[in-house]
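Q: Could you give me a close look at a single part of this structure, and walk me outward from it? I'd like the terms explained as you go.

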Amino acid sequence: MSLSEFSESEYVGRERRNSVRARAMLPCQVEKIDREQVMEFESLILDAAVLDSEYANLDEADWSERSDDLSREMVYVLNEIRALRQQLTDIRRGVEASSKTALRPRWLVLNDRGFWMPLEDEQETFDDEDLVKIRLQIPSLTSPNIIALGQVVRQRETPGKRGVAIEFRSISAIHSKAILRYALRRERQLARSKLFSSVNL
């Protein structure tokens with residue numbers, strides 16, 4: 001979409017969203033991947049997106065909106081059933097995640113286009129343009145487990161500090177939106193927390 005196709009307010013809003021970054025310690029795994037493996041990994045990304053979209057669609061039914069058609073007791077029961085289904089899905093996801101290599105909590109500066117990751121292990125090395133497979137967990141009810149293909153685009157190395165910038169090359173729309181929502185919510189919560197702290201000083 002060109003700049004002429006949307007209003008200035010929409011442009012400012014989009015630029016604002018694209019500038020939002022969340023600095024947080026999140027469970028993450030980044031591994032180099034051979035180009036021959038990219039097609040197979042992109043298939044996994046698609047399958048993860050299908051699962052999350054199905055889960056999100058199931059979660060959209062809010063029976064409280066049907067209170068005119070149903071009794072208060074029935075609405076309560078149906079919402080409880082939905083909550084139990086969500087809990088069972090989360091348990092299943094946890095079991096599936098535990099069978100894979102454990103994700104290592106690390107500080108990231110994250111947005112929906114990629115992230116900056118410090119390198120703390122001397123054995124961990126990347127080169128510019130390396131392709132990497134990414135597994136990431138964010139605090140989210142609908143899409144907590146992000147899977148994506150990334151590429152190293154920048155490195156920085158100073159005494160005592162090493163890090164890489166990684167851009168997403170293949171990521172589902174539902175996961176990209178989940179990251180953006182998380183970054184926006186975290187920024188707002190941080191602003192509220194600072195306001196709360198200043199009021200109570």
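**Around the sheet**

A: Let's start with one pair of residues: I134 has A148 in strand 5 as its bridge partner. This is a predicted model, in which local features need pLDDT of at least 70 and side-chain atom pairs pLDDT 80 or more, while totals for chains, interfaces and linings use all residues. Numbering starts from 1 along each chain as its sequence is written, and side-chain values use heavy atoms, without hydrogens or water.

That residue pair belongs to the antiparallel pairing of strand 4 (residues 131–137) with strand 5 (residues 145–158), which spans 7 bridges. Strands here are DSSP runs of E with at least two residues, numbered from the N terminus, and two of them pair if DSSP finds at least two bridges between them.

Stepping back, the 6 strands form a closed barrel in the order 1-2-3-6-5-4, with antiparallel pairing. On average, neighbouring strands of this sheet are turned by 45° against each other, direction ignored; the axes are lines fitted to C-alpha atoms, and angles run from 0 to 180 degrees between N-to-C directions.

Following the barrel onward, strand 5 pairs with strand 6 in the antiparallel sense over 9 bridges. E157 stands opposite R162 of strand 6. These two strands form a hairpin with 2 residues between them, and G160 in that turn has a positive phi of about 85°. On its other side, strand 6 pairs with strand 3 (residues 114–118), again antiparallel, over 5 bridges. There G114 faces E167 of strand 6. Strand 6 (residues 161–170) has 7 of its 10 residues buried, so it is largely enclosed by the rest of the structure. Buried means under 20% relative accessible area, exposed over 50%, and partly exposed in between, with a 1.4 Å probe and protein chains only.

G114 and E167 also help line the second largest pocket, together with R21, V109, N111, R113, F115, W116, V153, R154, A165 and I166. Strand 2 (104–111), strand 3, strand 5 and strand 6 each give two or more residues to that lining. A pocket is an open set of points on a 1 Å grid where a 1.4 Å probe fits, with protein on both sides within 12 Å along at least five of seven lines; lining residues have an atom within 4 Å of a point. The volume of this one is about 230 Å³, and its lining divides into 6 nonpolar, 2 polar and 4 charged residues.

One lining residue, N111, sits in strand 2. At 5% relative accessibility, N111 is buried, and its side chain reaches the backbone nitrogen of R113 at 2.9 Å. Over in strand 1 (residues 22–32), Q29 is also buried, at 13%. The Q29 side chain makes a polar contact (a pair of N or O atoms within 3.5 Å, one able to donate a hydrogen and the other to accept it) with the side chain of E31, at 3.2 Å.

Finally, the loop between strand 3 and strand 4 holds D121, which is partly exposed at 35%. The C-alpha atoms of D121 and R162 are separated by 9.2 Å, although these residues are 41 apart along the chain. E129 lies in that loop too and is exposed at 55%. Its phi is near 75°, a positive value in a residue other than glycine. Most residues other than glycine have a negative phi.

Technical notes. Helices (H or I, at least four residues) and strands (E, at least two) are DSSP runs, numbered from the N terminus. Grid points are joined across faces, edges and corners, and a volume is the space filled by probe spheres set on the points. Ala, Val, Leu, Ile, Met, Phe, Trp, Tyr, Cys and Pro count as nonpolar, Asp, Glu, Lys and Arg as charged, and the others, Gly among them, as polar.
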